[in-house]
Amino acid sequence: MAQLNLVLLGPPGAGKGTQARRLCEDFNLPYIATGDMLRERVKEGTDLGLQARSYMDRGDLVPDDLIIKMIIERLQEPDTEIGFILDGFPRTEVQAEALDRELTELGRSLTAAILFEVPEEDVMRRLSGRRVCVKNGHNYHVEFNKPKHEDRCDLDGSRLIQRDDDREEVVKHRLEEYRSKTEPLIEYYEEQGILRRIDAARSSDQVRDQIRATLAMALFEEQV
Ligand code: AP5
């Protein structure tokens, strides 16, 4: 199969992480999520984690130079040679240009930028009900994706908590950051001819089906 080099775009809470994990199972690709990588570094107390923390707590984007370095290093690891799913990167035009430069150097290019389209009311509802496990960040929802046992992760048994940045006032700010800094990437990828729009307001299974069909089409078009 041709290489699948994917970027997932969309507002906070659009369901990118949920679908990325399912896509990884379907296509056996490495999953690279900047949010997860940063939270891991915060937990470990690394220099990057210490620098990133205050931005994340406020719902601000972390400065480009810190993020770009982290992702470029990750893309140079051998497991990405078969492709990758990038979730949460790029989020600014500077990041998108850095990614294009790196891929060109590696003799590769993006297969698709998948845009998750969902109304803001849905985002607020999804994020206010999201719960994540403390051990591995597995994802649940109090209404749409309940764990088998209340407040415990089905997969590793650890406690479920609400992310600090899922508080309403922080979510509002994350959405402002999305609109001003990340939304311009829609046009950026549209101009490159690789933007694929997904109706992410539908059920998780329906979203998964639409992504699969869209990717099949993208791969077909790449080959003809
Ligand atoms: P990050 O962790 O990337 O957060 P985000 O993009 O805001 O995305 P989320 O994880 O909130 O949402 P998601 O779309 O993955 O939704 P999910 O699948 O969980 O970033 C956090 C912070 O890190 C940023 O604010 C920033 O500070 C920093 N950062 C990260 N990357 C950066 C970068 N490149 N540059 C600078 N700073 C960066 O779903 C949400 C909920 O909805 C879940 O509970 C789920 O169960 C439920 N759900 C999912 N799909 C459906 C559905 N179809 N129907 C109903 N419920 C659903």
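**Close-up 1. Crossing of helices H2 and H3.** In this predicted model, H2 passes H3 in a left-handed crossing. The axes of H2 and H3, the latter spanning residues 47-58, come within 8 Å and cross at roughly 115°. On the H2 side the contact is made by Gly35, Leu38, Arg39, Arg41 and Val42. These residues meet Leu48, Gly49, Ala52, Arg53 and Met56 in H3. By residue class, the contact of H2 with H3 consists of five nonpolar, two polar and three charged residues.

**Close-up 2. The shell around the ligand.** The ligand is surrounded by 34 residues. The closest of them are Thr18, Asp60, Arg91, Arg130 and Arg174. Sorted by class, the shell holds 12 nonpolar, 12 polar and 10 charged residues. Several secondary-structure elements each supply at least two residues of the shell: helix H1 (16-27), helix H2 (34-44), helix H6 (120-129) and strand S6 (139-141). H2 gives the most, with four residues. H2 therefore appears in both of the views so far, as it also crosses H3.

**Close-up 3. Polar contacts to oxygen atoms of the ligand.** Three residues are shown here, each with an N or O atom beside an oxygen atom of the ligand. For aspartate 60, a polar backbone atom is 2.6 Å from a ligand oxygen atom. Aspartate 60 is also listed among the closest residues of the shell. In lysine 16 the partner is a polar side-chain atom, which lies 2.9 Å from an oxygen atom of the ligand. Alanine 14 takes part through a backbone N or O atom, at 3.1 Å from an oxygen atom of the ligand. On its own the ligand has 1,100 Å² of accessible area, and the protein covers 95% of this.

**Close-up 4. The cis peptide bond before proline 90.** The peptide bond that leads from phenylalanine 89 to proline 90 is cis, with omega near 0°. Proline 90 sits in the loop between strand S3 (83-87) and helix H5 (93-105). Arg91, one of the closest residues to the ligand, also belongs to the view.

**Close-up 5. Positive phi at asparagine 28.** Asparagine 28 is a residue other than glycine with a positive phi, near 55°. The loop that holds asparagine 28 runs between H1 and strand S2 (31-33). H1, at one end of this loop, is also among the elements that each supply at least two residues of the shell around the ligand.

Technical notes. Residues numbered from 1 in each chain as written. Predicted model: local features only at pLDDT ≥ 70, side-chain atom pairs only at ≥ 80, totals over all residues. Heavy atoms only, no water. Near = heavy atom within 4 Å. Polar contact = N/O pair within 3.5 Å; in protein donor to acceptor, adjacent residues only side chain to side chain. Areas by Shrake-Rupley, 256 points an atom, 1.4 Å probe, with all protein chains shown as cover. Nonpolar A, V, L, I, M, F, W, Y, C, P; charged D, E, K, R; others polar. Axes fitted to C-alpha atoms, helices over the stretch in contact; angles between N-to-C directions. Left-handed = near helix turned anticlockwise from the far one by under 90°. Contact = heavy atoms within 4.5 Å.
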